[in-house]
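Visitor: Please take one ion pair in this model and look at it closely. Then place it in the rest of the fold, going outwards step by step.

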Amino acid sequence: MVKVLLVTNKDEKASGLQKHLSDSLQIELYEVGSIHEGEERYHILEPEVILIPLSLASGSDIQCIIRWQKRCKSDGLHPGFLLYSLHPESVFFFDISYSSYGIPLIQPDSGHQIISMIRQVSGRSKVERSLRDDYDLHSRI
């Protein structure tokens with residue numbers, strides 16, 4: 001069973017996602033009304049996945065999400081952070097689990113920081129791909 005913390009912001013659209021998740025016997029669903037409430041209840045619930053609506057992702061909320069994510073990692077907890085966007089016929093998920101970056105564009109080295117961040121993401125992707133290939137090779141043997 002997967003523990004999921006769903007941030008709903010009391011949005012009607014979120015009730016559709018909530019319905020799909022709560023109907024599954026494989027999901028242990030907890031709901032909170034805001035990012036701040038989620039941060040407060042996180043240590044009690046210790047979910048494996050945190051779902052946050054993309055509509056909440058304004059500038060200050062993104063900073064809260066990044067701080068929350070970094071706090072989880074510093075506490076030794078590594079939940080998956082997914083931003084979600086609900087549309088009439090689909091739902092989109094944006095995985096920010098590995099890391100979130102905030103780079104001030106007014107700094108003189110911001111271009112270098114952006115390129116460094118892109119290289120880190122690319123390197124991680126290559127390592128994951130290599131691990132998957134190795135696993136596939138070993139499972140075929």
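**The salt bridge and its surroundings**

Guide: Arg71 and Glu39 meet through their side chains in a salt bridge, with 2.9 Å from N to O. The two residues are 32 apart in sequence and link distant parts of the chain: Arg71 belongs to helix 3 (residues 59-74), and Glu39 to helix 2. The model is a predicted one, and in it the structure holds 1 salt bridge. As background, side chains of opposite charge can pair when their charged atoms come close.

The two partners can be taken in turn, starting with the acid. Glu39 has a relative accessible area of 14% and is therefore buried, since buried means under 20%. Arg71 is partly exposed, because its relative accessible area is 36%, a value that falls between the 20% limit for buried and the 50% limit for exposed. Which residues does Glu39 touch, leaving aside its neighbours within four places in sequence? The contacts are Cys64, Trp68 and Arg71, so the salt-bridge partner Arg71 is itself in that list.

The next step outwards is the sheet. An open sheet of 5 strands is present, with mixed pairing and the strand order 2-1-3-4-5. Its edges are strand 2 (27-32) and strand 5 (90-95), each of which pairs on one side only. On average, neighbouring strands of the sheet are turned by 25° against each other, direction ignored. Helix 2 (residues 35-45), the helix that carries Glu39, packs on this sheet and touches strand 1 (2-7), strand 2 and strand 3. The direction of helix 2 makes about 140° with that of strand 2.

The pairing under helix 2 can be followed strand by strand. Strands of a sheet pair through backbone hydrogen bonds, either parallel or antiparallel. Strand 1 pairs with strand 2 in the parallel sense over 6 bridges, and 3 bridges join strand 1 to strand 3, which also run parallel. Leu5 shows both pairings: Tyr30 stands opposite Leu5 in strand 2, and Ile50 stands opposite Leu5 in strand 3. Further along the sheet, strand 3 (residues 49-53) and strand 4 (residues 80-87) pair in the parallel sense over 5 bridges. One bridge partner pair here is Pro53 with Tyr84, the latter in strand 4.

Between helix 2 and strand 3 there is a loop, and Glu46 lies in it. The phi of Glu46 is near 45°, a positive value in a residue other than glycine. At 45% relative accessibility, Glu46 counts as partly exposed.

After strand 3 comes the loop that leads to helix 3, and Leu54 has its place there. Not counting residues up to four places away in sequence, Leu54 touches Leu83, Tyr84, Ser85 and Phe94. Leu54 and Ser85 are 31 residues apart in sequence, while their C-alpha atoms are 5.4 Å apart in space. With a relative accessible area of 32%, Leu54 is partly exposed. Phe94, in strand 5, is partly exposed as well, with a relative accessible area of 40%. Leu54, Phe92 and Phe94 form a nonpolar patch on the surface, and their accessible area together is about 260 Å².

Last, the whole chain. The secondary structure comes to 4 helices and 5 strands, which follow the pattern β-α-β-α-β-α-β-β-α along the sequence. Of the 141 residues in the chain, 28% are buried, and Glu39 counts as one of the buried residues at 14% relative accessibility. The accessible surface of the chain comes to about 9,400 Å², and 56% of this belongs to carbon and sulfur atoms. Among contacts between residues at least 6 apart in sequence, 65% join residues at least 24 apart. The pair described at the start, Arg71 in helix 3 and Glu39 in helix 2, is separated by 32 residues.

Definitions and conventions:
Residues are numbered from 1 along each chain as its sequence is written. This is a predicted model: local features need pLDDT of at least 70, side-chain atom pairs count only at pLDDT 80 or more; totals for chains, interfaces and linings use all residues. Side-chain values use heavy atoms; hydrogens and water are left out. Two strands pair if DSSP finds at least two bridges between them. Axes are lines fitted to C-alpha atoms, for helices over the stretch in contact, and angles run from 0 to 180 degrees between N-to-C directions. Contact means heavy atoms within 4.5 Å. Patches are made of residues with over 30% relative accessible area and no salt bridge: like charges are joined within 9 Å, nonpolar side chains (Val, Leu, Ile, Met, Phe, Trp, Tyr) within 5 Å. Accessible areas come from the Shrake-Rupley method with a 1.4 Å probe; for residues, only the protein chains shown count as cover. A salt bridge is a side-chain nitrogen of Lys or Arg within 4 Å of a carboxyl oxygen of Asp or Glu. Buried means under 20% relative accessible area, exposed over 50%, partly exposed in between (1.4 Å probe, protein chains only).
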